[in-house]
Amino acid sequence: MNPDNLRIQNSRIRVLNDKLVRKGEYILYWMQQSQRTEYNHALEYAVELANHFDLPLYVLFVLVADYPEANLRHYTFMLEGLLDVQQSLLRRGIAMSVKIGDRDRILREAEKRAAAVVCDMGYLRHQRLWRKILGQNSGCRVICVESDAVVPVETASPKMEYGAYTLRPKINRLLEAYLREVPETPVKKELSIRKIQGIDPKNPEKVLDAFSAQNIDRSVPSVSRLFPGGTTHAKHRVEEFIKNRAAGYAENSNQPQTDDVSHIGPYLHFGQISPLYLALKMRGEGTLTGEVKQRFLEQIIVRRELSINFVYYNPDYDHFGCLPGWAAQTLTSHLGDKRDYVYTRGQLEAAETHDPYWNASLKEMKHTGYMHNYMRMYWAKKVIEWSKSPEDAFKTLLYLNNKYFLDGRDPNSYAGVAWAFGLHDRPWKERPIFGMVRYMAATGLERKCDIRAYVEKVEAGIPVSD
Ligand SMILES: Cc1cc2nc3c(=O)[nH]c(=O)nc-3n(C[C@H](O)[C@H](O)[C@H](O)COP(=O)(O)OP(=O)(O)OC[C@H]3O[C@@H](n4cnc5c(N)ncnc54)[C@H](O)[C@@H]3O)c2cc1C
């Protein structure tokens, strides 16, 4: 089938093997990254393919208990979102099952009866490997459709970019062509839900129970009360942000005592909301000033897609070796500098430092799964200052970031941590420990924002038993 006949842009589509579409019982959409039914190019492509071949569509999600660095906090959020997905697909007449177990085996089973397989796009190393394996092992055509970047990563740039200043003009040149609605196509043929197993939409708790019985990491509790998962909640959050807080977004970007940010990171990370939806929504919002819109679009498109560009083109994205040469060199040359404080990972994780601002940020992350961008910057810079070596700091930061943030384990996590070590930044004035890497001081927080109000806000939200 010629992809030109479908409404999804060619640049979003990659064919992962040279197999043909064959006779089969359904078109299979293996949902993994884009966990939503709205503004999901992979889903719409799969619907069109199914309609074209007069077949039903079957959506499959595989739950694995040992997903890299995932714990109860992440799983709970994801499962809440998947229930939302399943209900929404049912309303469109599309069957979905969520199966627990070995991903490759479950996919192989489902693929045997498929005419073709569609998958969505993930940018991290393991996500890309899984798709490669699926393409290699399948007896039918496997097509990957990219839906989690506004401008597809390879279209935006064929190489790793130096910073926002080099990616921005490339994205801006293409943006209009990609800021397009994604119309939903009705399915022509329905697959009976009885034919497949998985989450029973009338009794979703059973699947949650079955999954909970698996050997998942329970070391980090759910934050469902603060961040309930799913597209429905994500959209409410966006509406609430636009109505009550977006007006202060540009002005308060370095004011962590305010809540004038969207808190949409976790929903984006799990693909529960589309960056394209957010961009179109903010752009069309008549009540917001041009400055607010421009600032938000810069974050949601340029900054976010700079992170995607980084992990896509830098295979070392989760190691100290990913840093630009000047940054690694300057940090290493200051390895012998005297450090006034050196904390172990355990002390940091227990928020036992001399710095009440930093301790508050760690507590916020632990108890809410979230932290304001400005505090994330300060939080990371201080770990560099208080670690034995920059390599140690890099490992500790990724460990804490990915363990506690709901939006951890994201391209933004790796780019955000590496930014603290000089990635996507420029050299600054030479100073101890940091060399020419940008430094942040507690006195800067005191001067620029109401940091005491931030500490009070965090303390007020922490359970008494802590
Ligand atoms: C050390 C460090 C670690 C970070 N770890 C993560 C992480 O684990 N996961 C994560 O998603 N982001 C991370 N970030 C980037 C940023 O801090 C968060 O995306 C943002 O704070 C999420 O909150 P929000 O959704 O309320 O942001 P908003 O300000 O409302 O922005 C909306 C969206 O725009 C994007 N965005 C905003 N700021 C940035 C930025 N600086 N870089 C890239 N994209 C951005 C995000 O997708 C964000 O959800 C990190 C930044 C630093 C400095």
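# Reasoning through a three-domain chain and its ligand shell

Tutor: The chain is divided into domain 1 (1–148), domain 2 (149–184 + 231–313) and domain 3 (320–460), and it should be said at the outset that this is a predicted model. Two elements give two or more residues to the side of domain 1 that touches domain 2, namely helix 1 (41–52) and helix 2 (72–91).

Student: What makes domain 1 and domain 2 count as being in contact, and how many residues of each are involved?

Tutor: Two residues are in contact if their C-beta atoms lie within 7 Å, and by that criterion 20 residues of domain 1 are in contact with 20 residues of domain 2. The largest share of the domain 1 side, 4 residues, comes from helix 2, and the residues of that side divide into 5 nonpolar, 8 polar and 7 charged. The centres of domain 1 and domain 2, taken over C-alpha atoms, are separated by 24 Å.

Student: Why is the chain called as compact as a globular protein of its length?

Tutor: The chain holds 19 helices and 6 strands. Its radius of gyration is 23 Å, and the globule rule gives 23 Å for 466 residues, so the chain is as compact as a globular protein of that length. Along the principal axes, the C-alpha atoms fill a box of roughly 70 × 50 × 45 Å. As for burial, 45% of the 466 residues are buried.

Student: How do you know which contacts join residues that are far apart in sequence, and what share do they make up?

Tutor: The count takes contacts between residues at least 6 apart in sequence, and 80% of these join residues at least 24 apart.

Student: What makes a set of residues a nonpolar core, and which members of the largest one touch the most others?

Tutor: The members must be buried residues of the nonpolar kinds, joined through C-beta atoms within 7 Å. The largest such core has 129 residues, of which Ile 27, Tyr 29, Ala 46, Leu 57 and Val 118 touch the most other members. Helix 11 gives the most to this core, with 9 residues. Val 118 can serve as an illustration: leaving out residues up to four places away in sequence, Val 118 touches Ile 27, Tyr 29, Ala 42, Tyr 45, Ala 46, Leu 49, Ile 143 and Val 145.

Student: Why is the ligand said to lie between two domains, and which domains are they?

Tutor: Domain 2 and domain 3 both give residues to the shell around the ligand, so the ligand's shell lies between them. There are 27 residues surrounding the ligand, and the closest are Ser 262, Gly 265, Asn 412, Ser 413 and Gly 416. Helix 9 (265–269), helix 11 (290–313), helix 15 (373–385) and helix 17 (411–420) each supply at least two residues of the shell, with the largest share, 6 residues, coming from helix 17. By class, the shell has 10 nonpolar, 12 polar and 5 charged residues.

Student: Is His 263 buried or exposed, and how do you know?

Tutor: A residue is buried if 20 or more other C-beta atoms lie within 10 Å of its own; His 263 has 20 C-beta neighbours inside 10 Å, so His 263 counts as buried. His 263 is found in the loop between helix 8 (231–244) and helix 9, and has a positive phi of about 55° although it is not a glycine.

Student: What makes Arg 409 buried, and where is its place in the chain?

Tutor: Arg 409 has 22 other C-beta atoms within 10 Å, and therefore is buried. Its place is in the loop between helix 16 (390–404) and helix 17, and the phi of Arg 409 is near 65°, a positive value in a residue other than glycine.

Student: Why does Lys 382 count as buried?

Tutor: Lys 382 has 25 C-beta neighbours inside 10 Å, and so counts as buried. Lys 382 is found in helix 15 and, leaving aside its neighbours within four places in sequence, is in contact with Asp 355 and Trp 358. The C-alpha atoms of Lys 382 and Ala 420, which are 38 residues apart along the chain, are separated by 9.5 Å.

Student: Why is Glu 176 called exposed?

Tutor: A residue is exposed if 12 or fewer other C-beta atoms lie within 10 Å of its own, and Glu 176 has 8, so Glu 176 is exposed. Glu 176 is found in helix 6 (residues 164–178).

Note on methods: Residues are numbered from 1 along each chain as its sequence is written. This is a predicted model: local features need pLDDT of at least 70, side-chain atom pairs count only at pLDDT 80 or more; totals for chains, interfaces and linings use all residues. A residue is near a molecule or strand if its C-beta atom, placed from the backbone, lies within 6 Å of it. Ala, Val, Leu, Ile, Met, Phe, Trp, Tyr, Cys and Pro count as nonpolar, Asp, Glu, Lys and Arg as charged, and the others, Gly among them, as polar. Domain bounds come from an automatic or database domain assignment. The radius of gyration is taken over C-alpha atoms; the globule rule is 2.2 Å times the number of residues to the power 0.38.
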